[in-house]
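User: Could you take a close look at one helix for me and walk me through how it sits in its surroundings? Keep it informal, please.

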Amino acid sequence: MNLDDDPLDPPALRARIERARADQPPLIRTSDTLRAVRRGLADGAAAPDWVAEFAGLFTRPAFGALGLAAVLLLGAVALTEWRDLESTLDWAQLTDIPIGGRT
Amino acid sequence: MSEPPPDPSSNAASGRPAAGDPDAADVRAAQAGNAAAWETLVERHHGTTTALLWRFARERADLEDLVQETFLRMVRHLPSWKPEQPFGHWLRRIAVNVGRDYCRRQAVRRRWFGRPAEPDPERGAPTIEPEAPDRGPDPAARAAADEIKQLLSRLPPDDRALLTLHYLEGWPLADIAADFGWTLTATKLRAMRARARFRSTLSPQDLA
């Protein structure tokens, strides 16, 4: 198992990566960025796409673990409640007493 | 967004100021409320930040958003910057986090909306368009970069970010570990798995 630096195979991919590294970014004017930042500060604006940003939070492992814990907790509560209800029903049938009512 | 964690490679642990940080005076002025000072910082780091974020972005409009988001976060978090960490590293970490968030958003869009990983023509010309006046000087490099980004976009977000920084930007794994807040061993393991996953997603016609 090689944990150290390892070029990507196959060679065609390596060659393409080498070529891609020479790519230069398109020109983004600093003045445009400054204007946008000033506007963002003035508006107190959130991220450009806050819905996706929010949804993106749930792909993080911490949120996944929290979600799993919440599901397990809900499942445990539902199971307990169901057992309580089931035993109440059994008891009601045995004693022939309507649930929540008087004879 | 959360504040970038302290850089373990900096002098923060020793409490010493980063020696000869050329940005320190401007950052202090910006922290004191001088707007011209943060604008100077934006101007000084605009090129390197744009180049870094271009490794993540698929199209020009996305790149603009990412650059703006990075500098907006920079200005908002300036009060938390400490002179013990070099400003350039601190800003680079913000940019990397913005890039990772972008990868996550794209992954979520693909998963929930089934949106293809191709550049969206509604949001500006694809970067390969010949009429783009600011196009990179090397069309073959642009085409190769577009292709590699498209292939990497099939990976989970952190794998994509890791391989992007390592192979396209040429970062050592130790630097990625420091910026991602992972241990070096964990980063090596993740890189190995990411490479294996990447290879498994490639079909023969991908590199034809």
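**A helix of chain A and its surroundings**

Analyst: Let's begin with a residue of the partner chain: B:R60 counts as partly exposed, because its relative accessibility is 27%, and the cut-off for buried is under 20% while exposed means over 50%. Bear in mind that this is a predicted model. B:R60 is found in helix α3 of chain B, and its side chain reaches across to chain A, where the backbone oxygen of A:L27 lies at 2.8 Å.

Now to the helix you asked about, α2 of chain A, which covers residues 30-43. Does its length add up? Put another way, what should the 14 residues of helix α2 of chain A span at 1.5 Å a residue? The expected figure is 20 Å, and the end C-alpha atoms are 20 Å apart, so the two agree.

Which residues of α2(A) are buried? They are A:T33, A:L34, A:A36, A:V37 and A:G40. Looking down the axis of α2(A), you'd find these buried residues within an arc of 165 degrees, so they line one face of the helix. The spacing makes sense, because an α-helix has 3.6 residues a turn and residues three or four places apart point the same way. On the other side of α2(A), A:A42 and A:D43 are exposed.

And what do the buried residues of α2(A) pack against? Their partners are in chain B: α2 (35-54) and α3 (60-77). That second helix, α3 of chain B, is also where B:R60 is found. Just after α2(A) comes A:G44, with a positive phi of about 65 degrees.

Stepping back to chain A as a whole, you get four helices and zero strands, in the order α-α-α-α from the N terminus on. Of its 103 residues, 18% count as buried. The accessible surface of chain A comes to about 7400 Å², and carbon and sulfur atoms account for 62% of that.

Finally, the nonpolar interior. The largest nonpolar core has 58 residues, and those with the most contacts inside it include A:L13 from chain A, along with B:W38, B:M74 and B:L163 from chain B. Helix α4 of chain B (residues 87-113) gives the largest share of this core, nine residues. As for B:L163, its contacts beyond four places in sequence include B:L152, B:L155, B:A191 and B:F198. In soluble globular proteins, nonpolar side chains tend to be buried together.

Methods: Residues numbered from 1 in each chain as written. Chains lettered and ligands numbered in written order. Predicted model: local features only at pLDDT ≥ 70, side-chain atom pairs only at ≥ 80, totals over all residues. Heavy atoms only, no water. Helix = DSSP H or I, 4+ residues; strand = E, 2+ residues; numbered from the N terminus. Expected span 1.5 Å × (residues − 1). Buried < 20%, exposed > 50% of the residue type's maximum accessible area, 1.4 Å probe, protein only. Arc of directions from axis to C-beta. Contact = heavy atoms within 4.5 Å. Core = buried A, V, L, I, M, F, W, Y, C linked by side-chain atoms within 4.5 Å. Polar contact = N/O pair within 3.5 Å; in protein donor to acceptor, adjacent residues only side chain to side chain. Areas by Shrake-Rupley, 256 points an atom, 1.4 Å probe, with all protein chains shown as cover.
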